[in-house]
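Reader: I'd love a close look at one part of this protein, at the level of single residues. Could you pick a strand, walk me along it, and then show me how it fits into the rest?

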Amino acid sequence: MEPHVNPFDLAGRVAVVTGGNGGLGLAMARGLARAGAAIVLAARDAAKGEAALAELRGAGHRVAFHPLDVASRSACQAMVEAVVGEFGRCDILINNAGMSIRKRPELITEDEWRQVLDVNLGGALFCAQAAYPHMKAAGRGKIVNIGSMYSLFGAPLVAPYAASKGGLVQLTRALACAWAADNIQVNAILPGWVDTDLTRDARQQIPGLNELVLSRTPAGRWGGPDDLAGAAVFLASPASDFVTGTTLAVDGGYSARG
């Protein structure tokens, strides 16, 4: 890399963010856009997508929305082909789309198990498969999978979610090993307890959760969605060209505490 080049500059790059129409996904999309990337938001909820488009366009960013069911391999392929058709390239993939079903493990149905695994784990693989040939042809690419503290820890009501997020870390490592020779870096971000609509619901459902998070987190606060933006830009940029197969916890020290 030339010494005068900004290693975090994403000008001319195109980034796809699945589940990018709200929460952590939209926050990471904002960060990537500020770094210069054109943004494609890919998600199921078109109404939320339009609101996110309006926000990003209002800030002067080049952005598009594509409806996507990540559990469908063919839909993931069609989405990436549409992105390449519109923008000419696909440089960055943020696999952020995810879901959870909160139940004790003995009560989880086969359909519920498959639904969570298909979205959280299958969707990441399917989108990566779709992006791979375009990244290989370009001679470079960045894939960032969004895991969770449940990639590391267990809890009674999140068996499918934890299994999917733990699997996502192993998928990250496997893809990193498979595609390093193609100059494609694959890494994972593990968000800690971040203040989103999803975690607000959890705080209402789980007595004492807020106090537990605050007491265990060395930083002494919940994260905000924008706390993920810097990590996403780093792992999407030339600054991380020799970083692959790793996990980056963005958690205020939560996972470091014994």
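Author: Happily! In this predicted model, the side chains of strand β1 alternate: V14, V16 and T18 point one way, while A15 and V17 point the other way. Residues on both sides of the strand are buried. The strand covers residues 14-18, and 5 of its 5 residues are buried, so β1 is largely enclosed by the rest of the structure.

Now for its partners. Strand β2, residues 38-43, pairs with β1 in the parallel sense, over 5 bridges. Within that pairing, V16 stands opposite V40 of β2. To get from β1 to β2, the chain passes through helix α1, residues 23-34, and this β-α-β crossover is right-handed. β1 also runs parallel to strand β4, residues 92-95, and 3 bridges join the two. There, A15 has I92 of β4 as its bridge partner.

V16 deserves a second look, as it leads us into the interior. The largest nonpolar core has 37 residues, and V16 is listed with M79, L93, I143 and W179 as those with the most contacts inside it. Two or more residues of this core come from each of β1, β2, α3 (73-87), α4 (110-138), α5 (159-179) and β6 (184-191). Helix α4 gives the largest share, 10 residues. In soluble globular proteins, nonpolar side chains tend to be buried together.

M79 shows how such a residue links parts of the chain. Leaving aside neighbours within four places in sequence, M79 is in contact with V16, A42, H66, L68 and C127. Among these, V16 brings us back to β1. Apart from this core lies another, of 32 residues, which include L10, L32, V194 and A231.

Stepping back, the protein has 8 helices and 7 strands. Its radius of gyration is 18 Å, close to the 18 Å that the globule rule gives for 258 residues, so the protein is as compact as a globular protein of that length. Along its principal axes, the C-alpha trace spans about 50 × 40 × 40 Å. Of the 258 residues, 50% are buried, and β1 contributes 5 of 5. Sequence-distant contacts feature too: among contacts between residues at least 6 apart in sequence, 74% join residues at least 24 apart. As for the outside, the protein exposes about 11,500 Å², with carbon and sulfur atoms supplying 54% of it.

Methods
Residues are numbered from 1 along each chain as its sequence is written. This is a predicted model: local features need pLDDT of at least 70, side-chain atom pairs count only at pLDDT 80 or more; totals for chains, interfaces and linings use all residues. Side-chain values use heavy atoms; hydrogens and water are left out. Buried means under 20% relative accessible area, exposed over 50%, partly exposed in between (1.4 Å probe, protein chains only). Helices (H or I, at least four residues) and strands (E, at least two) are DSSP runs, numbered from the N terminus. Two strands pair if DSSP finds at least two bridges between them. A crossover is right-handed if, with the strands pointing away from the viewer, the path from the first strand over the helix to the second runs clockwise. A nonpolar core is a set of buried Ala, Val, Leu, Ile, Met, Phe, Trp, Tyr and Cys residues joined through side-chain atoms within 4.5 Å. Contact means heavy atoms within 4.5 Å. The radius of gyration is taken over C-alpha atoms; the globule rule is 2.2 Å times the number of residues to the power 0.38. Accessible areas come from the Shrake-Rupley method with a 1.4 Å probe; for residues, only the protein chains shown count as cover.
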